[in-house]
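Have the sequence and the model side by side as you read. The text starts with a single residue and then moves outward to the strands around it.

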Amino acid sequence: MKNETVIRNFLNYKGGHTPKRHTYDGDYISTLWTTYEGDTLVLMNYRTVIAKWDSDWHNNKIILNTKKYSSTTSKIQHMIERVCDWYGIEIEVM
């Protein structure tokens, strides 16, 4: 799955992940993937929470991590903002 597909799945409250690959520290993981923290769907980039649904996802709001990491992560963060705008999903900054 491509990054945008994983993001769209996340925003439609579905799971997804990019293909696994070897990382700089030798792990073999997906670089963008969804998981759950309790009942909350979370979007991860490597081991960092990038976005998560508000604990009451019926509020149609996600919480977005806007901290600067890398140019690739910044592209993902901006893509989340664009797709949220398209879907009418509110963003709260983490």
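**From one lysine to a sheet**

Leaving out residues up to four places away in sequence, Lys-61 touches Trp-53, Asp-54, Ile-89, Glu-90 and Glu-92, where contact means heavy atoms within 4.5 Å. The model is predicted, so local features need pLDDT of at least 70 and side-chain atom pairs count only at pLDDT 80 or more, while totals for chains, interfaces and linings use all residues. Residues are numbered from 1 along each chain as its sequence is written, and side-chain values use heavy atoms, with hydrogens and water left out.

With Glu-92, the side chain of Lys-61 makes a polar contact of 3.0 Å. Such a contact is a pair of N or O atoms within 3.5 Å; within protein, one must be able to donate a hydrogen and the other to accept it, and residues adjacent in sequence count only if both atoms are side-chain atoms. Is Lys-61 buried or exposed? Lys-61 counts as buried because its relative accessibility is 16%; buried means under 20% relative accessible area, exposed over 50%, and partly exposed in between, with a 1.4 Å probe and protein chains only.

Lys-61 belongs to strand 6. Strands (E, at least two residues) are DSSP runs, as are helices (H or I, at least four), numbered from the N terminus. Strand 6, residues 61–64, runs parallel to strand 7, and four bridges join them. Opposite Lys-61 in strand 7 stands Glu-90. Two strands are said to pair if DSSP finds at least two bridges between them.

Now step back to the sheet. It is open and has five strands, in the order 3-4-5-6-7, with mixed pairing. Strand 3 and strand 7 (90–93) are the edge strands, each pairing on one side only.

Strand 4, residues 40–45, is mostly covered, with six of its six residues buried. Thr-40, Val-42 and Met-44 point one way, Leu-41, Leu-43 and Asn-45 the other. What stands opposite Val-42 in strand 5? That residue is Lys-52, while in strand 3 Thr-35 stands opposite Val-42.

Strand 4 pairs in the antiparallel sense with strand 3 (residues 32–37) over six bridges, and with strand 5 (residues 48–53) over four bridges, also antiparallel. Strands 3 and 4 form a hairpin with two residues between them, and Gly-38 in that turn has a positive phi of about 65°. Strands 4 and 5 form a hairpin too, with two residues between them; here Tyr-46 in the turn has a positive phi of about 55°.
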